[in-house]
Amino acid sequence: MITPRKFVEIFVEKDCPSCEQVMGVIHGFSGNPAIELRVYDREKNLEAFQERQVLICPATFVNHKLVFYGAFTLSEFAQYLA
């Protein structure tokens with residue numbers, strides 16, 4: 001069985017402990033060919049924040065659907081992707 005590729009977008013901002021935690025979790029998935037990852041920083045990608053109406057960071061979208069607001073654990077993310 002082939003698992004479809006997941007498109008993951010994470011919206012973060014500086015000086016955000018929860019954003020740093022999420023980036024640490026996502027780092028565990030780097031190099032996984034089943035995941036395409038994009039990270040948007042509020043200062044550098046304000047247009048993307050406005051387009052998606054992201055007000056709270058971190059915000060994580062999978063296949064264009066909001067799945068997490070705030071921090072999550074590695075097991076929570078892996079369970080969601082399964």
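**Backbone turns, core and salt bridges**

Asp15 is placed in the loop that runs between strand E1 and helix H1. The structure described here is a predicted model, and this loop is a friendly place to begin looking around it. Although Asp15 is not a glycine, its phi is positive, at about 60°. Most residues other than glycine have a negative phi. The relative accessibility of Asp15 is 68%, a value over 50%, and therefore Asp15 counts as exposed.

Before going further, a word on confidence is useful. The chain has a mean pLDDT of 91, and 96% of its residues reach 70 or more. Among the elements, the highest mean pLDDT belongs to E3, at 96, and the lowest to H3, at 87.

A second residue with a positive phi is Asn63, which is not a glycine either and has a phi of about 50°. Asn63 sits in the loop between E3 and E4. These two strands pair in the antiparallel sense, over four bridges, and Phe61 stands opposite Leu66 of E4. The hairpin they form has two residues between the strands, and it is here that Asn63 takes its positive phi. With a relative accessible area of 38%, Asn63 is partly exposed.

The backbone holds one more feature worth a visit, this time in the loop between H2 and E3, where Pro58 is found. The peptide bond leading from Cys57 to Pro58 is cis, and its omega is near -5°. Most peptide bonds, in general, are trans.

Turning to the interior, which residues of the largest nonpolar core touch the most other members? They are Phe11, Phe72 and Phe77, in a core of 24 residues. At least two residues of this core come from each of the following elements: strands E1 (6–12), E2 (35–41), E3 (59–62) and E4 (65–69), together with helices H1 (17–27), H2 (46–52) and H3 (74–81).

Phe77 offers a good view of how the core is put together. This residue belongs to helix H3, and it is buried, with a relative accessible area of 0%. Apart from neighbours within four places in sequence, the contacts of Phe77 are Val8, Val25, Ile26, Phe29, Thr60, Val62, Phe68 and Phe72. Lys65 precedes Phe77 by 12 residues along the chain, and the C-alpha atoms of the two are separated by 14 Å.

A charged residue can also be found among the buried ones. Lys6, in strand E1, is buried yet has no salt bridge. How far away is the nearest side chain of opposite charge? That side chain belongs to Glu36, and the distance is 13 Å. Even so, Glu36 is one of the residues that Lys6 touches; the others, not counting residues up to four places away in sequence, are Ala34, Ile35, Val62, Asn63 and Leu81. Asn63, the hairpin residue with the positive phi, thus reappears here as a contact of Lys6.

Elsewhere, charged side chains do meet, and the structure holds five salt bridges. One of them joins Glu9 and Arg52, with a distance of 2.8 Å from N to O. Glu9 is in strand E1 and Arg52 in helix H2, so this pair ties together parts of the chain that lie 43 residues apart in sequence. The two partners can be described by their accessibility: Glu9, at 5%, is buried, whereas Arg52, at 22%, is partly exposed.

Another salt bridge brings together the side chains of Glu13 and Arg42, at 2.7 Å from N to O. Because Glu13 is in the loop between E1 and H1 and Arg42 in the loop between E2 and H2, the pair ties together parts 29 residues apart in sequence. Glu13 counts as partly exposed, with a relative accessibility of 31%, and Arg42 likewise counts as partly exposed, at 23%.

Lys14 and Glu43 also meet in a salt bridge, at 3.6 Å from N to O. Here Lys14 comes from the loop between E1 and H1 and Glu43 from the loop between E2 and H2, distant parts of the chain that are 29 residues apart. Lys14 and Glu43 are both exposed. The E1 to H1 loop therefore carries Glu13 as well as Lys14 and the residue met at the outset, Asp15. To complete the tour, Arg5, Glu36 and Arg38 are linked in a network of salt bridges.

Conventions
Residues are numbered from 1 along each chain as its sequence is written. This is a predicted model: local features need pLDDT of at least 70, side-chain atom pairs count only at pLDDT 80 or more; totals for chains, interfaces and linings use all residues. Side-chain values use heavy atoms; hydrogens and water are left out. A nonpolar core is a set of buried Ala, Val, Leu, Ile, Met, Phe, Trp, Tyr and Cys residues joined through side-chain atoms within 4.5 Å. Buried means under 20% relative accessible area, exposed over 50%, partly exposed in between (1.4 Å probe, protein chains only). Contact means heavy atoms within 4.5 Å. pLDDT is the predictor's confidence in each residue, from 0 to 100. Lys and Arg count as positive and Asp and Glu as negative; His and the chain ends are not counted. A salt bridge is a side-chain nitrogen of Lys or Arg within 4 Å of a carboxyl oxygen of Asp or Glu. Two strands pair if DSSP finds at least two bridges between them.
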